Amino acid sequence: MQHAEITGWGKCLPPAVLSNADLATFIDTSDEWITSRTGIKERRICHCNFSDMAIVAAQRALAAADLDPLELDLILLGSLTNDSLCPNTASIVQDAIGARNAASIDINSACTGFLYGLHIGTNLIRAGAHKKVLVIGGEFISHYMDWSRRDVAVLFGDACGAVVIEASDDEVGLLAAKIGCEADAKYAIQITNLGSAYSRLSDDFLYTGWNFDGQEVFKRAVKSMSQACTDVLDQVGLSVDDVHLVVPHQANKRILDSLAKRVGIPQEKVFVNVHKYGNTSAGTIPVALAEAVDEGRVNPGDYILSATFGAGLTWGAGIIRWGNRVKPLRISDAELPPCDKTALEILEPHIRRYKEHAKTSV
Ligand code: UT7
């Protein structure tokens with residue numbers, strides 16, 4: 001049987017940093033509250049289009065694999081903050097990186113978009129339908145943020161990551177995944193005024209709103225991710241002791257600690273970068289994976305456990321066996337367009353509009 005080896009990896013973080021102290025200048029919050037409840041210290045704010053981040057992450061992943069983009073036969077892009085619905089963002093990436101032989105599909109399952117995409121891409125390679133697939137996950141979530149809401153505005157950030165997967169005879173890549181959805185709680189995370197269910201004639205249409213039941217999401221995240229981890233380990237006949245590294249969705253450090261405890265994995269084996277980037281939704285896992293490899297946390301043949309959770313409420317876990325190579329074959333010189341603003345300067349007009357809107361809609 002064919003497997004789907006991860007041969008390239010790349011990430012793209014926009015340069016503008018929004019610290020907890022920056023947030024406290026315009027919403028009623030503090031570094032102490034955010035750090036103790038979430039572990040987040042800062043996050044990035046995108047100054048360009050989402051596709052710009054996706055293109056840079058893709059080019060870095062392709063360079064790491066030393067793959068000619070013309071050899072790609074499929075691009076799967078997990079995101080809910082696409083440049084546009086039509087054309088889809090995977091098509092924009094396909095054109096920009098010169099991958100004209102690749103079919104291009106956007107996947108919207110929110111935070112789980114990358115792992116869902118890796119599962120789909122891997123199984124298409126296993127079935128013989130595709131050979132070389134680019135899987136991207138990322139988000140420009142600041143674009144849709146309600147900057148008057150302290151309970152959600154402090155949690156998220158912008159980022160994108162990507163991997164190249166290629167058909168291989170070796171038993172490597174995503175060995176198994178278990179994905180699912182608790183749709184009975186679908187409105188525990190909801191972005192309103194975005195989509196065809198919302199009237200374009202309404203004055204509110206321009207203001208995306210958030211319904212967010214943090215405590216419900218927290219409980220369900222720990223429960224479903226830990227169950228999915230146990231299930232996926234059972235599927236491949238591995239125990240937690242066989243796992244070298246856990247690369248989970250980064251939403252909240254407390255969720256990661258509870259997950260490790262429930263699954264029975266020591267915290268040292270859990271890769272954490274939520275303090276630097278916040279929750280970047282579909283971007284968390286590919287960014288963390290790229291960072292873990294580049295920081296030398298992954299060795300040839302390692303078993304990596306990943307778990308994810310997000311709006312829907314979608315969830316999943318996967319077990320990846322890393323291949324022989326932990327160094328990129330090439331380094332890309334792809335960069336985002338220059339940014340001459342601070343994060344607060346980028347956000348200032350949006351913060352002002354949301355504050356005015358909050359006043360008028362009370
Ligand atoms: O990737 C998608 C998945 N999303 C998640 O995984 C998020 C899961 N949920 C969480 O991470 C946590 O539930 C939160 C971090 C969102 C909230 O933490 P919590 O410990 O559940 O706090 P809480 O919602 O119970 O709020 C406690 C208090 C409230 O005040 P009162 O009612 O006790 O007076 C909030 O109004 O904290 C207040 N609060 C804040 N205070 C300062 C809420 N947000 C803030 C804030 N700064 N930013």
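The exchange below goes through helix packing, pockets, cavities and unusual backbone geometry in a predicted model.

User: Why is α7 called oblique to α8?

Analyst: Helix α7 (residues 214-236) and helix α8 (residues 253-263) pack at an angle of about 40°, and their axes are 9 Å apart. Angles under 35 degrees count as roughly parallel and 65 to 115 as roughly perpendicular. The angle of about 40° falls in neither range, so α7 is oblique to α8. The crossing of α7 past α8 is right-handed.

User: What makes the contact of α7 with α8, and how do its residues divide by class?

Analyst: Contact requires heavy atoms within 4.5 Å. On the α7 side, Phe218, Ala221, Val222, Lys223, Met225, Ser226 and Cys229 take part. Their partners in α8 are Arg254, Ile255, Ser258, Leu259, Arg262 and Val263. By class, eight of the contact residues are nonpolar, two polar and three charged. Lys and Arg count as charged, so Lys223, Arg254 and Arg262 fall in the charged class.

User: Why are α3 and α4 described as oblique to each other?

Analyst: Helix α3 (residues 50-65) packs on helix α4 (residues 89-97) at an angle of about 50°, with the axes 9 Å apart. Roughly parallel would need an angle under 35 degrees, and roughly perpendicular one from 65 to 115. The pair is therefore oblique. α3 passes α4 in a right-handed crossing.

User: Which residues form the contact of α3 with α4, and what classes do they belong to?

Analyst: From α3 come Phe50, Ser51, Ala54, Ile55, Ala58, Gln59 and Leu62. From α4 come Thr89, Ile92, Val93, Ala96 and Ile97. The classes are nine nonpolar, three polar and no charged residues. Ser51, Gln59 and Thr89 are polar, because Ser, Gln and Thr are in neither the nonpolar nor the charged list.

User: What lines the largest pocket, and which element gives the most?

Analyst: The largest pocket holds about 1,200 Å³ of space. Its lining has 47 residues, and Ile189, Gln190, Trp210, Phe212 and Ala311 lie nearest its centre. Two or more lining residues come from each of α2 (31-38), β9 (189-192), β10 (209-212), α7, α8 and β12 (303-310). α7 gives the most, with six residues. The lining consists of 25 nonpolar, 18 polar and four charged residues.

User: How much space lies in the second largest pocket, and which residues are closest to its centre?

Analyst: About 240 Å³ lies in the second largest pocket. It is lined by 13 residues, of which His143, Tyr144, Leu206, Thr208 and Tyr354 are closest to its centre. Seven of the lining residues are nonpolar, five polar and one charged.

User: How many cavities of 30 Å³ or more are there, and what is the volume of the largest cavity?

Analyst: The count comes to three cavities of 30 Å³ or more. The largest cavity has a volume of about 40 Å³. What makes a space a cavity is that a 1.4 Å probe fits but cannot get out.

User: What is the class make-up of the lining of the largest cavity?

Analyst: The lining has eight nonpolar, no polar and no charged residues. The residues are Cys229, Val246, Leu259, Ala260, Val263, Ile265, Val270 and Leu305. Cys, Val, Leu, Ala and Ile count as nonpolar, so each of these residues is nonpolar. α8 gives the most to this lining, with three residues.

User: Where are the cis peptide bonds at Pro87 and Leu313 placed, and what are their omega values?

Analyst: Cys86 and Pro87 are joined by a cis peptide bond with omega of about 5°. Pro87 lies in the loop between β4 (74-78) and α4. The bond from Gly312 to Leu313 is also cis, with omega near -10°. Leu313 sits in the loop between β12 and β13 (314-321). Most peptide bonds are trans.

User: What makes Ala110 worth listing for its phi?

Analyst: Most residues other than glycine have a negative phi. Ala110 is not a glycine, yet its phi is positive, about 60°. Ala110 is in the loop between β5 (103-107) and α5 (113-126).

Notes. Residues numbered from 1 in each chain as written. Predicted model: local features only at pLDDT ≥ 70, side-chain atom pairs only at ≥ 80, totals over all residues. Heavy atoms only, no water. Axes fitted to C-alpha atoms, helices over the stretch in contact; angles between N-to-C directions. Helix = DSSP H or I, 4+ residues; strand = E, 2+ residues; numbered from the N terminus. Parallel < 35°, antiparallel > 145°, perpendicular 65-115°, else oblique. Left-handed = near helix turned anticlockwise from the far one by under 90°. 1 Å grid on protein atoms, 1.4 Å probe; cavity = no way out; pocket = protein on both sides within 12 Å on 5 of 7 lines; lining within 4 Å. Points joined across faces, edges and corners; volume = space filled by probe spheres on them.
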